[in-house]
Amino acid sequence: MIDITLENFQDELIEASLARPVLLDIWAEWCGPCKQLGPVLEKLEVEYAGRFTLAKLDADKVPQISSQLSEMFGVRSIPFCVMFKDGQPVDGFVGAIPAEKIREFLDKHVPGADEAEAAAEEEAAQEALAEGDTEGALEKLQHAVATDPANDDARFDYVKLLLQLGRADDAKVAFAPVIAKASVVRRFDALQRWMDAIDFAAPPTGAAPAVAELDAKIAANKRDFQARFDRARLLVAEQQWTAAMDELLEILMRDKAWSEELARKTYVAILELIEPPKVKVADGQIPPDDPTVATYRRRLSSVVLS
């Protein structure tokens with residue numbers, strides 16, 4: 001439980017709610033119902049085991065904040081509880097309502113136990129990756145997907161890491177439950193294109209064209225877009241991302257619409273694959289761009305809009 005003041009309002013309420021929901025209890029020392037509600041909320045915070053944070057604000061000591069929230073929700077009495085998510089007040093309730101009603105309110109906004117556990121595992125996996133612990137990250141992502149199969153973020157990161165490690169067969173198994181989403185979810189489409197490139201570079205029968213063979217075709221005809229695209233796919237399979245995008249740009253500069261915009265779609269897929277996880281920031285702030293992603297986005301825009 002956290003006491004909110006003017007000094008910590010931004011950090012402990014607004015920014016903290018970017019990571020997990022924060023329930024703000026607006027109360028006062030003279031308010032009898034407030035004293036009834038307070039212990040109930042504290043017990044629920046323990047019961048929900050970290051799935052939300054309880055914060056308390058004394059309406060008499062910090063009237064600037066309590067008045068603003070009361071006006072926003074059209075409330076003129078306390079106790080008044082406001083749920084903050086992603087840096088914003090999103091819902092609230094008034095009065096010392098029963099614990100069961102509060103649970104119903106919380107369950108609308110607070111992640112379920114499995115969902116919360118998976119999200120925590122995914123966050124821990126990103127920290128492990130930042131520290132160079134690839135195997136630890138892979139184990140955490142695998143657990144996150146098993147705990148909450150509907151967590152698309154965790155599944156994307158898990159399949160992506162398997163592909164980065166050269167475990168294409170395992171990646172395909174992990175990707176299978178969401179393969180139908182590839183046509184509507186850009187990140188899954190990107191994974192599908194990566195796996196297709198891997199299959200192209202190492203087909204079950206026959207052999208992929210050699211780079212030297214493709215280079216010869218391109219040298220003979222700079223508009224041999226199929227050769228350029230095949231070369232880009234070989235580069236994708238080898239995780240040579242910028243080189244692949246450079247080759248795709250060569251197609252786009254000559255024919256943007258070639259093969260139903262296949263070059264552009266593949267280029268966008270690569271940007272999805274190399275985009276690092278976004279750092280959560282306070283509302284109104286913009287996360288910093290990865291320099292490579294930013295550069296290649298500008299190049300794509302320059303070519304497509306020319």
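A residue is called buried here when its relative accessible area is under 20%, exposed when that area is over 50%, and partly exposed in between. By this reckoning strand β4 is mostly covered, since 5 of its 6 residues are buried. The model discussed below is a predicted one.

## Overall form

The chain holds 14 helices and 5 strands, and buried residues make up 42% of its 306 residues. Along the principal axes, the C-alpha trace spans about 85 × 40 × 35 Å. The radius of gyration is 26 Å, whereas a compact globule of 306 residues would be expected to have a value near 19 Å. Among contacts with a sequence separation of 6 or more, 61% are between residues 24 or more positions apart. The accessible surface comes to about 15900 Å², and carbon and sulfur atoms account for 51% of that area.

## The sheet and the helices on it

The 5 strands form an open sheet in the order β1-β3-β2-β4-β5, with mixed pairing. Its edges are β1 (2-3) and β5 (88-94), each of which pairs on one side only. Helix α1 (residues 9-19) packs on this sheet, where it touches β1, β2, β4 (80-85) and β5, and its direction makes about 155 degrees with that of β2. Helix α4 (residues 99-109) lies across β2, β4 and β5, and runs at about 165 degrees to β5.

Within the sheet, β2 (residues 22-27) and β3 (residues 53-58) are paired in the parallel sense over 6 bridges, and L23 has L54 in β3 as its bridge partner. Strands β2 and β4, in contrast, pair in the antiparallel sense over 5 bridges, with V22 standing opposite F84 in β4. Strands β4 and β5 also run antiparallel and are joined by 6 bridges; here the bridge partner of V82 is G92 in β5. The hairpin that these two strands make has 2 residues between them, and in it D86 takes a positive phi near 50 degrees.

## Backbone features in the loops

Most residues other than glycine have a negative phi, and most peptide bonds are trans. Against that background, the peptide bond joining I78 and P79 is cis, with omega about 5 degrees, and P79 is found in the loop between α3 (63-73) and β4. A49, with a positive phi near 50 degrees, is placed in the loop between α2 (32-47) and β3. Because its relative accessible area is 62%, A49 is exposed. Q239 likewise has a positive phi, of about 60 degrees, although it is not a glycine, and this residue is found in the loop between α11 and α12 (241-254).

## Nonpolar cores

The largest nonpolar core has 53 residues, of which L163 and L191 touch the most other members. Helix α13 (residues 258-274) gives the most to this core, with 9 residues. Apart from it lies another core, of 16 residues, which includes I26, L57, L69 and F80. When residues up to four places away in sequence are not counted, L163 touches A168, A171, L191, W194, M195, I198 and Q239.

## Individual residues compared

The table sets out the relative accessibility of four residues.

| Residue | Relative accessibility | Class |
|---|---|---|
| A118 | 0% | buried |
| Q239 | 29% | partly exposed |
| R223 | 47% | partly exposed |
| A49 | 62% | exposed |

A118 belongs to helix α5 (residues 113-130) and counts as buried because its relative accessibility is 0%, which falls under the 20% limit. Leaving out residues up to four places away in sequence, A118 touches A144, T147, D148 and N151. The last of these, N151, is 33 residues from A118 along the chain, yet their C-alpha atoms are separated by 7.5 Å.

R223 is placed in the loop between α10 (211-220) and α11 (225-237). With its neighbours within four places in sequence set aside, R223 is in contact with R254 and D255. R223 and L163 are 60 residues apart in sequence, and the distance between them in space is 31 Å, C-alpha to C-alpha. At 47% relative accessibility R223 counts as partly exposed, because that class covers values between the 20% and 50% limits; Q239, at 29%, is therefore also partly exposed.

Key
Residues are numbered from 1 along each chain as its sequence is written. This is a predicted model: local features need pLDDT of at least 70, side-chain atom pairs count only at pLDDT 80 or more; totals for chains, interfaces and linings use all residues. Side-chain values use heavy atoms; hydrogens and water are left out. Two strands pair if DSSP finds at least two bridges between them. Helices (H or I, at least four residues) and strands (E, at least two) are DSSP runs, numbered from the N terminus. Contact means heavy atoms within 4.5 Å. Axes are lines fitted to C-alpha atoms, for helices over the stretch in contact, and angles run from 0 to 180 degrees between N-to-C directions. A nonpolar core is a set of buried Ala, Val, Leu, Ile, Met, Phe, Trp, Tyr and Cys residues joined through side-chain atoms within 4.5 Å. Buried means under 20% relative accessible area, exposed over 50%, partly exposed in between (1.4 Å probe, protein chains only). The radius of gyration is taken over C-alpha atoms; the globule rule is 2.2 Å times the number of residues to the power 0.38. Accessible areas come from the Shrake-Rupley method with a 1.4 Å probe; for residues, only the protein chains shown count as cover.
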